[in-house]
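This report covers nonpolar and aromatic packing in one protein chain. The structure is shown first.

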Amino acid sequence: LKGTKNFEASKPYLSVDSACMPFMLTDFYFGYGGLLDLFKPSARTWFWQFYKKQTDMGVAGWWGDLGEPEKHPQTLYHDLSSSGINRKLSADEVHNMYGHMWSKMLYENWSKTYPTKRLFYLNRAGFAGSQRYSVFPWTGDVSRTWGGFRAQLPNLQSMSLSGIPYIHSDAGGFSNVPDDDQELYVRWLQMAGFTPIFRPHGTAFGDLEAGVHNLPSEPAFKDEPYKSIAREIIRLRYSLLPYIYTLAWEQAANGRSLIRPMIYNGTTDTALLQATDQYMFGDAFLVAPVLQPSAATRKLYLPKGEWYAWDGNEQLRGGKWIEPAVSLQAMPLYVRAGSFVPMWLSGDYHSTSQYKSSLPLTIRYFPSANSSEYYFYDDDGENPAAINNAALHQLVLIKGNAGATQATISMKAIHWPKGLQRVINVAVPSESGYLRATCNGKTIVAQEGNQWTIFPVSFNGAATSLVLNIR
């Protein structure tokens, strides 16, 4: 922008007009200025220095806003001579690639400069293949209305199927509307808790700009009971980080999206084609956001098979439409029978920085007469190379099968750091009646808690067999 200390230095790197002079935007929201030509290697190198300076001062993540770019007139031109194109290309010809080049610039420089750090880069623009640059895109400045909320369902699912795994929305909405609809805020957060990125959003700069309504994103500024409900959503989200982290591994290793439309695993059940306002989060969770204000019920489709209600562990048979009653406190959430859900029970922790991959882990098993298996992944959360080094991560194959009087759960590490011993608390619903257990033939004393019976297992990566019996 003109008037900033780097304006003159930026001129050689700006996009140009038809006379090859720096193009000046006259109607940009933030002021009068030019647009960096990120198709030029020299412009990318110049831009990177500012990221490096701030990163070296301690900045841990980046937000590349307006990367479409927001203002991109057709009379503005870019230089792609480094790609073998010997004429200037208009904005219209390369518009969809601009944000992609921004991501490429940041990722490639970051990987070279900080090879032991992972990049967190939030943006809202890209192109086919942008996911290779560690992008975390959101769906844009969406309306803070029920219609804006409902529009996220097809958007999130379509982008997930298109290979953009970390797509998410401004939870609670963004746009400048006067109403602080706290019911909408809670419903949006309930859904966002089961999306790849959980990020409440809002506006809180009305004192700086006339006409902007202050609608802060933080739950602390909400009224009761919405504040307490939001707190429980956040606690649940953080407790599920081991499950979500394993979904991230599944995506990186096998290309499986985190959000999975109901048709993801096939369309032989034609009802799945109609169930477009619900989705799977991984293989375990069926998520049915409440999309109408003051709703008393929520119609949804349970696919064939056995299911558990997340709240209360009620068992249901699928293959039918159901319409459960809903309260403001929770949306309909179901878990497929046979699922394993690793959790970090975070009541004793106040920050993810306190989490270590050697700490005790709880894995909830939802018993099923059908055999099931699950891969659990964990690492230090920092080293980009951990996924490719067997000594730097945990990858455990877990299998389960439950009968009328006995259930068997086996665990064996595919990869396991040398010398690591980790307590894995296997939890089963109390209603299942499993109260006695042996681990590799040795008796384990059960710990009975609220709705769950827990069997602590000391795991060192070797083949482990846990046999649960009805008392």
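Phe 30 counts as exposed because its relative accessibility is 53%, over the 50% cut-off. In this predicted model, Phe 30 sits in the loop between α1 (7-10) and α2 (41-56). Together with Leu 1 and Tyr 29, Phe 30 forms a nonpolar surface patch with about 340 Å² of accessible area in total.

Turning to the interior, the largest nonpolar core has 78 residues, and Phe 281, Phe 285 and Leu 466 have the most contacts inside it. Helix α7 (residues 182-192) supplies the largest share of this core, seven residues. Apart from it lies another core of 32 residues, including Leu 25, Leu 36, Trp 62 and Ala 91. Beyond four places away in sequence, the residues that Leu 466 touches include Ala 407, Ile 409, Val 426, Cys 439 and Phe 455.

The aromatic pairs number 32. Two of them are listed here.

| Pair | Centre to centre | Angle between planes | Type |
|---|---|---|---|
| Trp 310 and Phe 366 | 6.2 Å | 35 degrees | tilted |
| Trp 344 and Tyr 355 | 5.3 Å | 65 degrees | edge-to-face |

Trp 310 lies in the loop between β10 (306-309) and β11 (315-317), and Phe 366 in the loop between β15 (361-365) and β16 (372-379), 56 residues apart. Both Trp 310 and Phe 366 are buried. Trp 344 and Tyr 355 are eleven residues apart, each in the loop between β14 (340-343) and β15. Trp 344 is buried, with a relative accessible area of 4%, whereas Tyr 355 counts as partly exposed at 22% relative accessibility.

One aromatic cluster consists of Phe 194, Tyr 243, Phe 281, Phe 285, Tyr 308, Trp 310, Phe 366 and Trp 452.

Terms used: Residues numbered from 1 in each chain as written. Predicted model: local features only at pLDDT ≥ 70, side-chain atom pairs only at ≥ 80, totals over all residues. Heavy atoms only, no water. Core = buried A, V, L, I, M, F, W, Y, C linked by side-chain atoms within 4.5 Å. Buried < 20%, exposed > 50% of the residue type's maximum accessible area, 1.4 Å probe, protein only. Helix = DSSP H or I, 4+ residues; strand = E, 2+ residues; numbered from the N terminus. Contact = heavy atoms within 4.5 Å. Patch = residues over 30% accessible without salt bridge, like charges linked within 9 Å, V, L, I, M, F, W, Y side chains within 5 Å. Areas by Shrake-Rupley, 256 points an atom, 1.4 Å probe, with all protein chains shown as cover. Salt bridge = Lys/Arg side-chain N within 4 Å of Asp/Glu carboxyl O. Phe/Tyr/Trp six-rings, centres within 6.5 Å; stacked < 30°, edge-to-face > 60°.
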